[in-house]
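Let's take a walk through this fold, one piece at a time. Have the structure open beside you as you read.

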Amino acid sequence: MIEFTVLKKSKKSAARLGILKTPHGEIETPAFVPVATQAVIKTLTAEEVLQTKSQILICNTYHLHLKPDEKIVKQNGGLHKFMNWGKPLMTDSGGFQVFSLGFGRDYGTGKLLKEKTDKAILAGDKPANIKIKDDGVFFKSYIDGETIFIGPRESIKIQEKLGADIIFAFDECTSPISDYNYTKQSLEKTHRWAKMCLDVKKSKQALFGIIQGGKFSDLKEESAKFIGNLPFDGFGIGGEFGDSKKTMTAMLNFTIPYLPQEKPVHLLGIGHIEDIKPIITTGVDTFDCITPTHYARHGIAFTSKGRLDMQKKVFLKDKNPLDSSCTCLTCQNYSRSYITHLFRAKEITALQLVTFHNLYYFNSYVEKLREAIKNDKI
RNA sequence: GCUGCGGUGACGGAGUGGUCAAUCGUAACAGACUGUAAAUCUGUCGCCCGUUGGGGCUACGGAGGUUCGAAUCCUCCCCGCAGCA
């Protein structure tokens, strides 16, 4: 079980400061949630992750079901013990994979639409590689092609075996190019699945329901009201948020007030550094994003001066740390020159040093924002 | 000195008379990435002009030659490797 306490609401915005108590410790919110899909923050050990000021991680049901199988995790004493992470954990339900391995893959689109497109997903359209049925989804394992069925029941059972503190309802994350009718039909399914998740769950883990509805206000409202009225321990806001950052913030400002104010709100899969302040001011308590870890492995370091592409030749002659105002171990001990050398030499330590820094940087930034809420500055 | 093999774009290495500015890989450069199919993917990669289609120029060790046409065939030369003297 979890316990959520709102300590303070900003006078300037909907931002709020809170404490989320879990069986594995407390989280100061708003908090960034690094993504540990396969029960690891890629390139880092759990001990290193602790030093990045991370308070809670999110792992993935679909991926851990395929590998190593939740039974193995359970036999190892559950996720916390398995991955040597004594702090709070979430598991995502696999609902994102319904999108990313389905229409996301077919159309090459992400959660946010960058360019205008004529492509559209209409009611009745079916993704090429997965089958979405009334009770769940048939996936093809990307490992060996095996057919795998995950629905609300399966997802909850897997998540119970994994043993995270907070688990998510199985949903269908919709694409930014889904039309109104597709989104509406999908939403009905997600709502039905949400109830099933509540019915199936036997553990004391906290279960978060997920609000969908795409970019359509009436569907978002309907979803927030419906999911918000179910006895979930918290809420995730998922799916896509229109085609610009402004619509995203507007949509959050519109949606969150429909949810019970005493329960925590998690924003699923959003969090480029420039998005963080805007989403926090809408009242989001926790949010996860692959950006700091994923981009790190592609050479991008986030700094107070903006993104740096550490593969660029210029940095070979730069003896400064990634960010001279950063107090992380990477910045204390290693130069841009060295890190760039490692990238160009294809040394895996490059990925590690930047992953460490990026996580520390994101967490430090959110820490500052918590301070700002305390002082009613945002 | 003889015999054999070979010299291709930054590098490795295809091509062996027209469809070749030359497959592919690497490097280089540029771009993308938001609940991780992702240490990944995409684009450019001889020079010059055109917004595109495209056009011009210079190129496959060097110099000649054969041919309508040569990286590809012939002659001589230079260089490398191997074997034999």
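Thr183 sits in helix H7, in what is a predicted model. Is Thr183 buried or exposed? The threshold for being buried is 20 or more other C-beta atoms within 10 Å, and Thr183 has 26 C-beta neighbours inside 10 Å, so Thr183 counts as buried.

Who are those neighbours? If you skip the ones within four places in sequence, Thr183 touches Thr174, Ser178, Gly213, Gly214, Phe216 and Leu219. Take Gly214 from that list: Thr183 and Gly214 are separated by 31 residues along the sequence, yet their C-alpha atoms are 6.5 Å apart in space.

Leu219 leads us on to the next helix. Thr183, Lys184, Leu187, His191 and Ala194 make up the H7 side of a contact, and Leu219, Ser223, Phe226 and Ile227 make up the H8 side. By type, the residues of this contact split into five nonpolar, three polar and one charged.

How do the two helices lie against each other? In general, a packed pair is described by the angle between the axes and the distance between them. For H7 (residues 180–200) and H8 (residues 217–228), the angle is about 5° and the axes are 11 Å apart. That makes H7 roughly parallel to H8, since angles under 35 degrees count as roughly parallel.

Now step back along the chain to helix H6 (residues 152–162). Nine of its 11 residues are buried, so H6 is largely enclosed by the rest of the structure. The buried set in H6 is a mixed bag: Pro152, Ile156, Ile158 and Leu162 belong to it, and so do Glu154, Ser155, Gln159, Glu160 and Lys161. Right after H6 comes Gly163, with a positive phi near 85°.

Then there's the sheet. Strands in a sheet pair through backbone hydrogen bonds, either parallel or antiparallel. Which sense do we get here, parallel or antiparallel? The pairing is parallel, in an open sheet of eight strands ordered E4-E14-E13-E12-E11-E10-E6-E5. Strand E4 (31–34) and strand E5 (57–60) are at the edges with a single partner strand each, so one side of each has no neighbour in the sheet. On average, neighbouring strands of this sheet are turned by 25° against each other, ignoring direction.

For a look at one pairing, try strand E12 (residues 234–237) with strand E13 (residues 265–267): they run in the parallel sense and share three bridges. Phe235, for instance, has Val265 in E13 as its bridge partner.

Terms used
Residues numbered from 1 in each chain as written. Chains lettered and ligands numbered in written order. Predicted model: local features only at pLDDT ≥ 70, side-chain atom pairs only at ≥ 80, totals over all residues. Axes fitted to C-alpha atoms, helices over the stretch in contact; angles between N-to-C directions. Helix = DSSP H or I, 4+ residues; strand = E, 2+ residues; numbered from the N terminus. Parallel < 35°, antiparallel > 145°, perpendicular 65-115°, else oblique. Contact = placed C-beta atoms within 7 Å. Nonpolar A, V, L, I, M, F, W, Y, C, P; charged D, E, K, R; others polar. Buried ≥ 20, exposed ≤ 12 C-beta atoms within 10 Å, placed from the backbone. Pairing = 2+ DSSP bridges.
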